[in-house]
Amino acid sequence: MNKLEKKAIRKLKKEFEKLSQENQDQAAFYIDRQGDKHYVWDFEIENRRFEWIYVYETGVIVKCAK
């Protein structure tokens, strides 16, 4: 795991911890995905699917709900 991946996971985890404890406990994670420019967390809470994308270049987390 390289330095950018570790930073992405750390930032995503910190953001995830802002959710209520109940939502954290209910979250069902899928396989993490990564590319040259981003790292993606894909998870589901209460039948709602979320994708959080950490963009390496800007350090921004983009949150998408499906």
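In what sense, parallel or antiparallel, do strand S1 and S3 pair, and over how many bridges? In this predicted model, strand S1 (residues 28-29) and S3 pair in the antiparallel sense, and they do so over 2 bridges.

## Strand S3 and its partners

Strand S3 spans residues 38-45, and 6 of its 8 residues are buried, so the strand is largely enclosed by the rest of the structure. Its pairing with S1 can be followed at the level of single residues, since alanine 28 has glutamate 44 as its bridge partner in S3.

Strand S2 (residues 33-34) also pairs with S3 in the antiparallel sense, over 2 bridges, and here the bridge partner of arginine 33 in S3 is valine 40. The connection between S2 and S3 is a hairpin that runs through 3 residues. Strand S4, which covers residues 48-55, pairs with S3 in the antiparallel sense as well, over 8 bridges. Valine 40, the bridge partner of arginine 33, stands opposite isoleucine 53 in S4.

## The turn between S3 and S4

S3 and S4 form a hairpin with 2 residues between them. In that turn, glutamate 46 has a positive phi, with a value of about 50°.

## Glutamate 5 in helix H1

Glutamate 5 lies in helix H1, which is made up of residues 3-16. The residue is buried and yet has no salt bridge, and the nearest side chain of opposite charge, that of lysine 6, is 8.9 Å away. Because a salt bridge requires a side-chain nitrogen of Lys or Arg within 4 Å of a carboxyl oxygen of Asp or Glu, the 8.9 Å to lysine 6 does not meet the cut-off.

When neighbours within four places in sequence are left aside, the residues in contact with glutamate 5 are Gln34, Tyr39 and Tyr56. Of these, Gln34 falls within strand S2 (residues 33-34), while Tyr39 falls within strand S3 (residues 38-45).

## Valine 60 in strand S5

Valine 60 belongs to strand S5, which comprises residues 60-65. With a relative accessible area of 41%, valine 60 is partly exposed, whereas glutamate 5 is buried.

Apart from neighbours within four places in sequence, valine 60 is in contact with Ile53, Tyr54 and Val55, and these residues fall within strand S4 (residues 48-55). Ile53 is also the residue of S4 that stands opposite valine 40. Aspartate 36, by comparison, is separated from valine 60 by 24 residues in sequence and by 15 Å in space, taken from C-alpha to C-alpha.

Conventions
Residues are numbered from 1 along each chain as its sequence is written. This is a predicted model: local features need pLDDT of at least 70, side-chain atom pairs count only at pLDDT 80 or more; totals for chains, interfaces and linings use all residues. Side-chain values use heavy atoms; hydrogens and water are left out. Helices (H or I, at least four residues) and strands (E, at least two) are DSSP runs, numbered from the N terminus. Buried means under 20% relative accessible area, exposed over 50%, partly exposed in between (1.4 Å probe, protein chains only). Contact means heavy atoms within 4.5 Å. Lys and Arg count as positive and Asp and Glu as negative; His and the chain ends are not counted. Two strands pair if DSSP finds at least two bridges between them.
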